[in-house]
Structure formats: structure tokens, C-alpha cells
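Please work through the exercises below with the sequence and the model open side by side. Each task is followed by a solution that goes step by step.

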Amino acid sequence: MCGRMRLDPHSYADSTQPETASLALHAAVDFATRTLRATATLTFRAPGAGPLDLDTRGLTIHGVTDLAGVPLPFTLHPVDPILGARLAIQLPPGTAGVTVAYTTSPDASALQWLTPAQTAGGKAPFLFSQCQAIHARSVVPLQDTPRLRIRFEARISVPEGLTAVMAAAAVGRSDGPEGPTFAFAMPQPIPPYLLAFAVGDLASRDLGPRSRVWAEPAQLDAAAWEFAGVEAMIVAAESLFGPYDWERFDVLTMPPSFPYGGMENPRLTFLTPTLLAGDRSLVNVLAHELAHSWTGNLVTNANAEHFWLNEGFTVYAERRILEALEGAELGAMHAALGRNALESEVRRFAATPGLVRLRTHLDGIDPDDAFSQIPYEKGYLFLRTLEEDVGRPAFSAFLRRYIRHFAFRSITTEDFVAFVEAELPGALERVGAAEWLHGEGIPANAPRARSERLLALEALGGAVPTDAQAAEWTPTEWTLYLDSVPRPASPETCAWLQARIGGSENYEIVVSWLKLAIASGHLDVLPRVETVLTRVGRMKYLRPLYAALAARADTVEFARRVYASAKEGYHPIARQGIEGILG
Ligand code: BES
Ligand code: ZN
């Protein structure tokens, strides 16, 4: 018999089996062994019987019981390199749920354990989780697919002196024999990839009526200043997309090894400390993660094959927020940066054009390997094309209806298509949606961002600007300019740039400059490259720098040496990505 009905190419979850409705997670954090010792109780939507397949990765299973504590037979199957190990449990008739007792592995793919030296404060260790796309299974045995949304409660015990925060409502703290225990609850149903917590020496400060920022004490002032505009962003977003459904929007400033710019964990967005530029020029990432509160966390991709529904909509929403707060120029400049990123990703994926589609087919493909800017920026352009077709007022109204209609549901591209057909009749046909969704390039009707400042940059064509021109540029314009300089740049251009922005602390500018310098053979920058690669673990910066170094015979050995010494500090996902580049 082959009765298994896949819900998701990246999960053993089976549509014929009981569905988890809620999770109770009780975990003790042990920095000495780098493990969580935990129990996870899964309660089903309705009592069930027969086989139950859970996703796990690297878990040591101590035992499985039903909700009354009666042991249940189970088998932990051999490891699949992408999916992990299937935990098959046999349920007697009428089983309402299961409790699994287990220990995580020291190299759980969702967890990064940092020594005190790898933190800003240097005194306390730090632990954080990053579950998207399919890493929750390395922390909790569960049905790890966004198709199955769960409510949860959690209790996390930590060593004395440390604080646990979680993407959930904080409901209390107690002190027991296991150390301080922090309790949390998530009353809204979420996809498992949004489970998130962090443990460390953390302090917080209020930013607004429903927001506070968490950070290591050494970074709290800088973070509070950088993100001070958060309430204005929430207000702007609510007027665009409808009421904010998650009560609080707190943010956590992560250690430098956090592999992403931000992660939209509900009620507690995680943000890279590379956003702390001191000029609020990188808060588009904050707008982006906030926007996920509607597009992604309310309306969720059914699985990684529909990731563009999360990210394309969110980039569109991010730019609408920026535009509402800062004006159309900034939105246009970000759209132009996005276009550059998209074109370079299409080149990077030349050998795997299937990944240039919006709607992808990922059977046998690790979502971390499929990750790129394509779902973000091609998805954004597709939505902009639809917007141009029906006009902004109609598109804005459509977006609000889409969000309300699918709120707290996990949907496919096909669900999206059916909804657009009903709500904006004829629009998909007119914009050539099939080519957008299933084609392997950038359709010719993709709109181009237009603004005066962009025109001025284009007119320059990558030539060295006058000092008067350059003095007027915002950090975003600098980044756009650096992208536009033809490579290799001449030694004179490199010398001018080195003098002008070589000392910048804005990572977008720094990394764009270093990429250009390496590609131009201006190797005086290598010490700075090494500093960046050693201090920061954000993949958006690591990946292009390592790729630029690996592309040259005179820097590839340098890249290998830096990687060998820096990799201890990188997140497991970042290591996987860079090893792919360095071969
Ligand atoms: N959800 C993503 C991060 C992510 C995606 C983590 C896939 C794991 C798997 C987050 O919202 C994101 O897109 N972050 C961007 C921000 C940018 C687009 C403004 C990033 O990290 O750079
Ligand atoms: Zn995102």
C-alpha cells in the first residue's frame, strides 16, 4: 500500500494521520553539553489511531507516552540528509496526544550556542534558535510543515543570571531546582517554523505602547535609538494592511553571528546587529519583518515551494511602509537595489533555472540550498505588475481582502491564483501570470523603478561623481552607486572610493565596496574583508564576499584560510552555504 499523502515535500507529515493542534514544550537549557533536555506534548485536533510520523533531526528519543503517561511503541528511522529522521509512533485507538521525552544534539541545525567571547558583552553565553524553513524538527519532534498550524505553551529553564525570551507572550517567571524558568504562551496558531527563543544576558527597553527592544546590555542604547520609529511603522502598516493581530511587536537584537538580516518570529522579531548603523538607514529590514505579521505570519506559505507568497508579498509590503513613512523616492531606490539583486541571482542560478520560478518544485532539494532573492524580488515585481494593471487603489483593497480572507491559513500559489481570478477578473491573463509564476527568467513587462534620484545615478553610469554630488548621497544611494560601477574599476576609482567610504561602518556600503574592490583587484582591502568575515555571520554579507574571493586565483587561498579560522563563529546554516561556495 502506498497510502501516504504528502502535505509537504519537506515533511513526513501525512494527511491521513492525526493533526497536532497544540504543543507544550518544557525544556532545560544546558550550556555545558550544548543540549536541551525536553519533553514535547502534542495534542491532536481529534483523537486518532494507527501510525503517527513526526519530523526529527538529531534528537535522542528517551521515550514516548500517551497523555496519561502510558508508553507507546516507536521507531526512529534512518536519517534522510534533507528531511532528518522519521519518528514513527503507533497510536492505540482513541489516542488524544503524545508526549516525547528527548535531548537535542549539540549541533542541532536550528540552534547556535555561543561562548561568552562570541557575544557583545563577552561575559555570558548565548543561545538562539532559527527554525525557518525546516529546522524546528532539530529542537522539537513535530509535524514540521507550515500546513499544520499549532498553538503552544512553553517553559524554558536556564542557568542563574540568564534570561529566556520567546516569540510568544511572556506569562511568568519562577525559580525552581532547575534554575529560573520562563513561561510563554502563543494563543494564535502558527506554522512551526515560527517557533523561536533566545537565552542570554538580555535587557530591554520600551520603544512604544506595544513594543520593546531586547539586546545584550552593551547594545541596548544603540538598538533603542536605531529602532525608535517602530510604533510609527506599525501604525503605517495597520492603515495599509489592516489591524495588527499579534498584540505586541517586540524586537531582539541578535549576536553578530545571526545568519539573516531579520526573522519575523511572531511578537518578537529577531534582527541582526549589523542594522545598528547609527543613522537608521537600514530600518527597511525592520519594516520587512513587521510586514510579515500580515504576509507570512497571518497568510502563510503552505510549504517552501510557495515561499514567494511569504517573501514577495512582504517585500511589496515593506516598500509600501517605507513609501508611506519616507516618500516614494526611498521606495524606488529600494526597488532598484532589489532589481540589481534579482539580476545577479538569476545569473547565479543559471545552472538550476527551475529555482528561478516563483512556484518551485523542491522534492529532493534542501530549502536552504534553494534560498535566494528570487522569491523576494521577482515576487515583488510580479505584484507590482498586477498593481500597475489594476491601479493602486484597487490593488491596495485587494491586498486587504487577501489578508483577511486567508488570515491564519497556509496557502499555495494555486490558492492565490484562484483568489485573484475571483477578485481581479482578467488581471492574471493580462499580465501574463503563467510566465511570472512558472517561467525561468524575468518577464519583459516587469516595471522599472523611477525616481529623480535614480535618474541622476543612472546618468552617472558608474563614473566617479563630483564631490558635490557625492556629498548629497544617502547610504542607499551609495549602495546603488557602488552596484553600478563597472568592474574591474580602475585603480583611480578604487583609490577615490577607498578615501571616500573605506571607513564606513554601514555594512551595506562596506560590503558593496569590498565586493567591488575584490573584483577590481584592489587587494589593499583584504584586511578589512577579513575583519568583516570574522565579525559578522549574516549570510547576505558572507556569501558574496566569499564568492568574490573564490572567483580569483589570487584570493581563493585567502578565502579558505579566513573561513577555516572564522567558521567556529558561523551558524550551521551559514557554514553549509559557504562550504558550497568554497567547494
Ligand atoms: N523570513 C526571512 C528570513 C529567512 C528566510 C530565514 C528563509 C530562513 C529561511 C526574513 O523575513 C527575511 O526575509 N530577511 C531578510 C530581510 C530583507 C529582505 C529586508 C534578510 O535576512 O536579509
Ligand atoms: Zn522576509
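**Exercise 1.** Which elements each supply at least two residues of the shell around ligand 1?

*Solution.* The model is a predicted one, in which local features need pLDDT of at least 70 and side-chain atom pairs count only at pLDDT 80 or more, while totals for chains, interfaces and linings use all residues. Residues are numbered from 1 along each chain as its sequence is written, chains are lettered from A and ligands numbered from 1 in the order in which they are written, and side-chain values use heavy atoms, with hydrogens and water left out.

Step 1: β16 (262–263), α3 (284–291) and α4 (307–326) each contribute at least two residues, where helices (H or I, at least four residues) and strands (E, at least two) are DSSP runs numbered from the N terminus.

Step 2: the largest share, four residues, comes from α3.

Step 3: of the 18 residues around ligand 1, those that come nearest are Q132, G261, E264, E289 and Y376, a residue being near if one of its heavy atoms lies within 4 Å.

**Exercise 2.** Find polar contacts of ligand 1, meaning pairs of N or O atoms within 3.5 Å.

*Solution.* Step 1: on the backbone, an N or O atom of G261 lies 2.6 Å from an oxygen atom of ligand 1, and one of G262 lies 3.3 Å from a nitrogen atom of the ligand.

Step 2: from a side chain, a polar atom of Y376 lies 2.6 Å from an oxygen atom of ligand 1.

Step 3: the protein covers 92% of the 520 Å² of accessible area (Shrake-Rupley method, 1.4 Å probe) that ligand 1 has on its own.

**Exercise 3.** Describe how α4 packs against α5 (residues 328–348).

*Solution.* Step 1: the axes, which are lines fitted to C-alpha atoms over the stretch in contact, are 6 Å apart and make an angle of about 150 degrees.

Step 2: α4 is therefore roughly antiparallel to α5, a term for angles over 145 degrees.

Step 3: the contact (heavy atoms within 4.5 Å) is made by R319, L322, E323 and E326 of α4 together with A328, L330, G331, H334, A335 and G338 of α5.

**Exercise 4.** Where do the cis peptide bond joining Q132 and A133 and the positive phi of R34 occur?

*Solution.* Step 1: the bond between Q132 and A133 has an omega of about 0 degrees, and A133 lies in the loop between β7 (126–129) and β8 (150–157).

Step 2: R34, whose phi is near 55 degrees, has its place in the loop between β1 (20–30) and β2 (35–56).

Step 3: for context, most residues other than glycine have a negative phi, and most peptide bonds are trans.

How values were computed
A polar contact is a pair of N or O atoms within 3.5 Å; within protein, one must be able to donate a hydrogen and the other to accept it, and residues adjacent in sequence count only if both atoms are side-chain atoms. Axes are lines fitted to C-alpha atoms, for helices over the stretch in contact, and angles run from 0 to 180 degrees between N-to-C directions. Angles under 35 degrees count as roughly parallel, over 145 as roughly antiparallel, 65 to 115 as roughly perpendicular and the rest as oblique.
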